[in-house]
Amino acid sequence: MKNRYKWLKIMTGGLFAAYLLLTGYLFLCDREKENLMGDLQETVYWQSGAEGSKSTDQENRNEKVMSTESGEEGKKIALTFDDGPHPIYTPMLLDGLRKRGVKVTFFLMGSAVENYPDIVEQIAEDGHLIGNHTFHHVSLENADNNLIEAEVLSANELIEEVSGQYPQFIRPPFGQCGDQIESETGMICVLWSIDPLDWCTPDASKVVQRVLANARENGIILMHDQYKTSVLAAFTIIDQLQKEGYEFVTVDEILLD
Ligand SMILES: [Zn+2]
């Protein structure tokens, strides 16, 4: 009898553990699930995703081309990239932007600027706008003067030293910008209006679809030059939206004009 209870306990415990693992898995975003499953071929994901979404992309495109023909020309839209620079994906992005003649806005982290100053120099040389994303990716929601000095002003100084640009714009990590940031630093907090959650999916075509479906005049698109899929998605987004009459600009042209 005792033995039977013991087995019952073990089985119940096992089922409960399995349940916890499953619910935890469901809360992970797609990119984390893929990492858990091992390094599944990125290229296969990219290709099959691109194939699968062709018809939707085509439909979106047609709709928007028609609205462009009805007289809307030169609609401004801004691509922004957070968390960089990245040693591989930022140079890859810069190459593609140069080929397309497009300027974007980079919100750089001080700690990454320290690690990759040459890439920051290249960003500036290519004519992109550089903004601040704090030194160590911290929340600025309740920032006091000490935190502003350590995380915002020190990153501004480093960015100016490396790139020659003293940032006027800040993208607060997690979208939390306390009032004191603007009043204490004179900077402008830049949030976003289009968020394709590029960090959360290994499928570049999903990122493209989400942006195309939500694109609008004076939109600010949030992306991260931390993933190959984000860079590839950005190129497709630029090529499609340019065909639809959009002009890619840096955030100052949207916020200050
Ligand atoms: Zn960030």
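## Exercises on a predicted model

E114 sits in helix α6, which covers residues 110-115. Keep in mind throughout that this is a predicted model.

**Exercise 1. Is E114 buried, exposed or partly exposed, and how far apart in space are E114 and P85?**

Start with the neighbour count: E114 has 13 other C-beta atoms within 10 Å. A residue is exposed at 12 or fewer and buried at 20 or more, so E114 comes out as partly exposed. Now for P85: the two residues are 29 apart in sequence, and their C-alpha atoms are 9.7 Å apart in space.

**Exercise 2. Look at the loop between β1 (75-82) and α5. Which peptide bond is cis, and what is the phi of D83?**

First, place the residues: P85 is in this loop, and D83 lies there too. Next, check omega: the bond joining G84 and P85 is cis, with omega at about 0 degrees. Then turn to D83, whose phi is near 80 degrees, a positive value in a residue that isn't glycine. Finally, count around D83: with 20 C-beta neighbours inside 10 Å, D83 counts as buried, since the cut-off is 20 or more.

**Exercise 3. Where is L197, and is L197 buried or partly exposed?**

Step one: L197 is in the loop between β5 (188-189) and α10 (204-214). Step two: L197 also has a positive phi, about 50 degrees, although it is not a glycine. Step three: there are 15 other C-beta atoms within 10 Å of L197, so this residue is partly exposed.

**Exercise 4. Follow the chain into α10. How many residues of α10 are buried, and which are they?**

Go through the helix one residue at a time. You should end up with A204, S205, K206, V207, V208, Q209, V211 and L212 as the buried set. That is 8 of the 11 residues, so α10 is largely enclosed by the rest of the structure.

**Exercise 5. What does the span of helix α11 tell you, and which residues of α11 are buried?**

Take the length first. Helix α11 runs over residues 228-243, which makes 16 residues, and at 1.5 Å a residue it should span 22 Å. The C-alpha atoms at its ends are 23 Å apart, which agrees. As for burial, the list is T229, S230, V231, L232, A233, A234, I237, I238 and L241. One more thing to spot: just after α11, G245 takes a positive phi of about 90 degrees.

**Exercise 6. How do α5 and α11 pack, and which residues make the contact?**

Begin with the axes. Helix α5 (residues 89-100) packs against α11 at an angle of about 10 degrees, and the axes are 9 Å apart. Anything under 35 degrees counts as roughly parallel, and α5 and α11 are therefore roughly parallel to each other. Now the contact itself: α5 brings Y89, M92, L93, G96 and R100, while α11 brings K228, V231, A234, F235 and I238. Sorted by class, that gives 7 nonpolar, 1 polar and 2 charged residues.

**Exercise 7. How many residues are in the largest nonpolar core, and which element gives the most to this core?**

The core has 56 residues, and those with the most contacts inside it are L108, V211, I221, A234, I237 and F248. Helix α11 gives the most, with 7 residues. Now zoom in on L108: beyond its neighbours within four places in sequence, L108 is in contact with G84, P85, V113, V120, I130, H133 and I159.

**Exercise 8. Compare notes on M223 and P172. Where is each one, M223 and P172, and what does each touch, M223 and P172?**

M223 is in strand β6, residues 219-224. With 27 other C-beta atoms within 10 Å, M223 is buried. Leaving out residues up to four places away in sequence, M223 touches L79, T80, F81, D198, S230 and A234. M223 and P196 are 27 residues apart in sequence, yet 7.4 Å apart from C-alpha to C-alpha.

P172 is in the loop between β4 (169-170) and α9 (179-185). P172 has 23 C-beta neighbours inside 10 Å, so P172 counts as buried. With residues up to four places away left out, P172 touches L140, C177, I181 and C189. Between the C-alpha atoms of P172 and H133 there are 5.9 Å, with 39 residues separating the pair along the chain.

Methods. Residues are numbered from 1 along each chain as its sequence is written. This is a predicted model: local features need pLDDT of at least 70, side-chain atom pairs count only at pLDDT 80 or more; totals for chains, interfaces and linings use all residues. Helices (H or I, at least four residues) and strands (E, at least two) are DSSP runs, numbered from the N terminus. The expected span of a helix is 1.5 Å times one less than its number of residues. A nonpolar core is a set of buried Ala, Val, Leu, Ile, Met, Phe, Trp, Tyr and Cys residues joined through C-beta atoms within 7 Å. Two residues are in contact if their C-beta atoms, placed from the backbone, lie within 7 Å. Axes are lines fitted to C-alpha atoms, for helices over the stretch in contact, and angles run from 0 to 180 degrees between N-to-C directions. Angles under 35 degrees count as roughly parallel, over 145 as roughly antiparallel, 65 to 115 as roughly perpendicular and the rest as oblique. Ala, Val, Leu, Ile, Met, Phe, Trp, Tyr, Cys and Pro count as nonpolar, Asp, Glu, Lys and Arg as charged, and the others, Gly among them, as polar.
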